[in-house]
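Hi,

Here is the model I promised to pass on to you. Have a look at it first, and then my notes below should be easier to follow.

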Amino acid sequence: MIASLLFLCLSAPPSAGALPESLDRLVRESALAGARVGVAVLSLDGGGVVYARDADALLNPASNVKLFTAAAALHRLGPGYRFETEIWTTGEGADGAVGALHVRGKGDPTWTTERLWSLAGEIGFHGVRLVRGDVVVDDRWFDAEPEAPGYEQEEGDHAYLAPAGAVSLNGNAFAVHLGPGPRPGARVRAEVEPASDFLELVNRAVTAKVGARRRVVVRSEPAGRRQRVTVEGRIPSGSRDLAVHRKVGDPAAYFGRTLRRFLELRGVKVRGGVRRGEVPPAARLLHVAESETLAEVVRRMNKGSSNFVAEQLVKVLGAEAKGPPGSFAKGVAAGEEALAELGLPRGAYLWRNGSGLNDANRFSAMQIARLLREMWLRFPLMPDFLSSLPVAGRDGTIRWRMEGSAADGRLRAKTGTLTAVGVAGLSGYVEGAQGERLAFAVLANDWAGHAGPVVRALDQAGALLAGGAAAGAQAAPAAPAAPAVEEAADERARVATWYRLGLAGDSRNARFLRLEARGEREPALRMAAAEAAFLAAPDVGAGRRLFLDAVAEGGTSLSRLRALAADLDLEAPVLGSLADIAGDGNGEALLLLLELGPSAMAEPGLARAWAGALDEVARDAPEETAAALRGAAPAVADAALAALAGALAAEGAEHPVAAALRAAAADSDETRAGPARELGRRLLERAAEARRARGERPAPEVRPGG
């Protein structure tokens, strides 16, 4: 352990002349070897090109696009720009009565529940005691198109898909807080935040027995003028609470109905409802609520990679530069004009949205690096632009990345990952070992497989630029021969210690365990440390990411890990945690669980544990399992079908996965229906074989397609 950490932290830094060679070797020997890669490194001190590799190739930069959004907004609007929300009244009478209360928004992305509660107090402080009519929301500062180009490529109600709105609240998302009830069989505890009249909660989830697998599904959909939130599934007794975030469908109604409720709670009675409408010419301005500065808004956007804030900024740029209503087309046009003034000519790139979501933008690594250099040279923009970027190992989206490496605390960069289309990037500033300052961009497109190895290679590039060694850049060593008795005992002790720390439920252990996992080269031990880190802090995304990456790379060593952990009170190393994550609807975890099948089936005890975990997940998430089977490799699908056939033999065609495959086989899209039909046929055949092997009569034939 100590030796591996020293290798990560104290390796001799490469000389300046060796840096290009080290970066070349990283691209050749890491997961980047199978991708289209663009790299550009510029000196901020001398101004020259330190390294370039396909630097002018136009690639999908994912969330690295937010660097351009931030630069254009700061350059055009200024760091001190503040968003305004106006409160107007009409029909004023005696004793604090008004006819209507009007809210005119201008794209402020910073409204939260707490700020809205304060606004309700401000309205009361200004003398309003009764609103005889409606709360009227004027959101015409933006056009009627809520979603930027690229958003249509993805379906769902995830919070990161939240729409833009001239009047918005909580990033146009809400939270559902969930926890186990007082006893098995009781309803789970469920609350929505904020407590808004806009949100209607339907709770059908129940509390399960201790040790059961968690499975919670939260869906939201329009319900008249409200949004219905439905919670289904189960949460085991004694398990931790969790929060699920979903987007809203009508930002103006969400803001208005929540404000109406808060007004009532703060003593301002509202007789009417909430509707959209213009502020009439005769209205009186009651109050103007100002946001924090744009510099702080940009910092929030880049640190947390907020898609919502990015798209709000694009529309605000359009409204301010081209006149309201702000639109995505106007905003991008205004942004391109700003970038031209920063040295990036229009037409040299493709820019369609502010967030970088999905397949909508094309920039080169050199364009990103030049933007970074230009912003570095422009005071007073530079301090706010620089401070908006996450710091390796310290905060933002790279808080838990590059920990313990030379880049820890010395690299500031924007991340970007689109797993579905094989895109990842890392761009920013770094201080080298000798104090030299660099601007860099590394973009990877069209890689296959899991995201973890590619992201880790990007982090290794960051460590190299910081003057450290690219630990792990070399090809992974072959699995070691059977260890000596003393070494095996030491490994069992280390595994036991890691799991003891992970199962203690103390999140303070997570960072240490993540460092252990990153410093461990042996696949089985790496999986153990990574799972322990996940168990210590299951809600921390970095721990979950590290665990999934470790399984993706070391899954064939699961049998060895099971032997090392044989004396521990564990249901099944790796399988339980993987099933928990998959049961929450994580498609990557489900695919990893499927991919463990071919190696697990070679060992009877492990095969039973794996088949049990898969069957449990398949029952909880049959549609997701059917979709994963359609995309799995033939050998992976065969192992999964064999595992599910036994359960199907007992239950016939009503097994949830069989039913899901039948439904998919009826899809009008033959690219989905054909594979589902074939999988359904094979599953029924295997189930029939299982019945015959047990001496049972075959079940009545049910065609896979219906």
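Let me start with a turn: Ala 223 stands opposite Arg 226 in S13. Ala 223 closes strand S12 (residues 215-223), and Arg 226 opens strand S13 (residues 226-236); the two strands pair in the antiparallel sense over 9 bridges. With 2 residues between them they form a hairpin, and Gly 224 in the turn has a positive phi of about 70 degrees. As for the terms, helices (H or I, at least four residues) and strands (E, at least two) are DSSP runs numbered from the N terminus, and two strands pair if DSSP finds at least two bridges between them.

Before going further, some housekeeping. This is a predicted model, in which local features need pLDDT of at least 70 and side-chain atom pairs count only at pLDDT 80 or more, while totals for chains, interfaces and linings use all residues. Residues are numbered from 1 along each chain as its sequence is written, and side-chain values use heavy atoms, with hydrogens and water left out.

How confident is the predictor? The mean pLDDT (the predictor's confidence in each residue, from 0 to 100) is 89 for the protein, and 92% of its residues reach 70 or more. Two stretches stay under 50: residues 1-13, with 19 contacts beyond four places in sequence, and residues 470-482, with 20 such contacts. Contact here means heavy atoms within 4.5 Å.

Now the sheets. An open sheet of 5 strands has the order S16-S7-S5-S3-S17, with mixed pairing. Its edge strands, S16 (274-276) and S17 (284-293), each pair on one side only. On average, neighbouring strands of this sheet are turned by 20 degrees against each other, direction ignored. Inside it, S5 (residues 100-105) and S7 (residues 135-138) pair in the parallel sense over 4 bridges, and His 102 has Val 136 in S7 as its bridge partner. Helix H5 (residues 251-265) packs on this sheet and touches S5, S7 and S16, its direction making about 150 degrees with that of S7. Axes are lines fitted to C-alpha atoms, for helices over the stretch in contact, and angles run from 0 to 180 degrees between N-to-C directions. H6 lies across S3 (82-90) and S17, at about 55 degrees to S17.

Another open sheet has 3 strands in the order S9-S8-S14, and its pairing is antiparallel. The edges are S9 (189-193) and S14 (242-247), each pairing on one side only. S8 and S9 are joined by 5 bridges, and His 177 stands opposite Glu 191 in S9.

Two helix pairs are worth a look. H6 (residues 294-304) and H7 (residues 307-322) have axes that come within 8 Å and cross at roughly 140 degrees. The two are therefore oblique to each other; angles under 35 degrees count as roughly parallel, over 145 as roughly antiparallel, 65 to 115 as roughly perpendicular and the rest as oblique. Their crossing is left-handed, meaning that the near helix is turned anticlockwise from the far one by less than a right angle (clockwise would be right-handed). Leu 294, Val 297, Val 298 and Met 301 of H6 make the contact with Val 309, Ala 310 and Leu 313 of H7. That gives 7 nonpolar residues, no polar and no charged. In this count Ala, Val, Leu, Ile, Met, Phe, Trp, Tyr, Cys and Pro are nonpolar, Asp, Glu, Lys and Arg are charged, and the others, Gly among them, are polar.

The other pair is H3 (residues 65-77) with H8 (residues 328-341), whose axes are 9 Å apart at an angle of about 80 degrees. H3 and H8 are therefore roughly perpendicular to each other. Phe 68, Ala 72, His 75 and Arg 76 in H3 meet residues of H8 including Ala 334, Glu 337 and Glu 341. The H3-H8 contact has 5 nonpolar, 2 polar and 3 charged residues.

Lastly, some backbone details for your viewer:

- The peptide bond from Pro 324 to Pro 325 is cis, with omega near 0 degrees; Pro 325 sits in the loop between H7 and H8.
- The bond from Phe 379 to Pro 380 is cis, with omega near 15 degrees; Pro 380 is in the loop between H9 (365-377) and H10 (381-387).
- Asn 170, a residue other than glycine, has a positive phi near 55 degrees and lies in the loop between S7 and S8 (173-179).

Best wishes
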